[in-house]
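Q: I am new to this structure and would like to learn how to read it, one feature at a time. Could we go through it together, with the general idea and then the case at hand?

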Amino acid sequence: MGFVKVVKNKAYFKRFQVKYRRRREGKTDYFARKRLIVQNKNKYNTPKYRLIVRFTNKTIIAQIAYATIQGDKVVCDARSTELPRYGIKAGLTLPQEGDACRLQAQELQETAHVPSPEEGTRRPEESCKPN
């Protein structure tokens, strides 16, 4: 076997840049996140809402959120612990409970007067035209 040069020396580690913390933890796929939250430029700072469903050991949490530069903002959330009020008494971590949480979060979104993703906003020129 021939001579193999050691590549990972002091100069290598001086220039080494660590990945983002959530990438190192395996929690966030930034490639997919970018494509999920980037809004079209012709929609003029309109938030792009998305549904986030989190499964814990005891509950299911459904959130409607949008991304900003400062961080994600949660508009409303629904939890499976609230479902017994609506007459659902099954286990709180079943997939059916997750679907019920999603429906509950969408209902909260409508009551919070959050526009649907298809609506968008009008262009500034259209709103400034005289009638």
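Q: How many bridges pair β2 with β3, and in which sense do the two strands run, parallel or antiparallel?

A: In this predicted model, β2 and β3 are paired over seven bridges, and the sense of the pairing is antiparallel. As an example of residues facing each other across this pairing, Q63 stands opposite D77 in β3. The two strands form a hairpin with four residues between them, and in that turn G71 has a positive phi of about 150°.

Q: What does β1 pair with, and over how many bridges?

A: Strand β1, which covers residues 50-55, is joined to β2 by six bridges, again in the antiparallel sense. Here too there is a hairpin, with four residues leading from β1 to β2. Within this pairing I52 has Q63 in β2 as its bridge partner, and Q63 is also the residue that stands opposite D77 in β3.

Q: Where do these strands come in the order of elements along the chain?

A: Reading from the N terminus, the order is α-α-α-β-β-β-α-α, which gives five helices and three strands in the protein chain.

Q: Which residues make up the largest nonpolar core?

A: In soluble globular proteins, nonpolar side chains tend to be buried together. In this structure the largest such core has 10 residues, namely Y49, I60, A62, I64, C76, A78, L83, A100, C101 and A105. The elements that contribute two or more residues to this core are β2 (60-67), β3 (72-79) and α4 (95-111).

Q: What does A62, one of those core residues, touch beyond its neighbours in sequence?

A: Leaving out residues up to four places away, A62 touches L51, I52, V53, C76, D77, A78, C101, R102 and A105. Of these, C76, A78, C101 and A105 are themselves listed in the largest nonpolar core.

Q: Where does S80 lie, and is S80 buried or exposed?

A: S80 lies in the loop between β3 and α4. S80 counts as buried because its relative accessibility is 0%, where the cut-off for buried is under 20%. Apart from neighbours within four places in sequence, S80 is in contact with T59, I60, L92 and C101, and both I60 and C101 belong to the largest nonpolar core.

Q: How many aromatic pairs are there, and how should their geometry be read?

A: The structure holds four aromatic pairs, and each can be read from the distance between ring centres together with the angle between ring planes. Y12 and F13 are 5.0 Å apart, centre to centre, with 85° between their planes, and this pair is edge-to-face. For Y12 and F16 the centres are 6.0 Å apart and the planes are at 40°, so this pair is tilted. Together, Y12, F13 and F16 form one aromatic cluster.

Q: Why do Y12 and F16 count as partly exposed?

A: The label partly exposed applies because each value falls between the cut-offs of 20% and 50%. The relative accessible area of Y12 is 30%, while F16 has a relative accessibility of 47%.

Q: Where does the charged end of R35 sit?

A: The charged end of R35 sits over the ring of F31, at 3.9 Å from the ring's centre.

Q: What can be said about the protein chain as a whole?

A: Of its 131 residues, 20% are buried. The chain exposes about 11000 Å², and carbon and sulfur atoms supply 53% of that area. Among contacts between residues at least 6 apart in sequence, 35% join residues at least 24 apart.

Terms used:
Residues numbered from 1 in each chain as written. Predicted model: local features only at pLDDT ≥ 70, side-chain atom pairs only at ≥ 80, totals over all residues. Heavy atoms only, no water. Core = buried A, V, L, I, M, F, W, Y, C linked by side-chain atoms within 4.5 Å. Buried < 20%, exposed > 50% of the residue type's maximum accessible area, 1.4 Å probe, protein only. Contact = heavy atoms within 4.5 Å. Phe/Tyr/Trp six-rings, centres within 6.5 Å; stacked < 30°, edge-to-face > 60°. Lys NZ or Arg CZ within 6 Å of the ring centre and 35° of its normal. Areas by Shrake-Rupley, 256 points an atom, 1.4 Å probe, with all protein chains shown as cover. Pairing = 2+ DSSP bridges.
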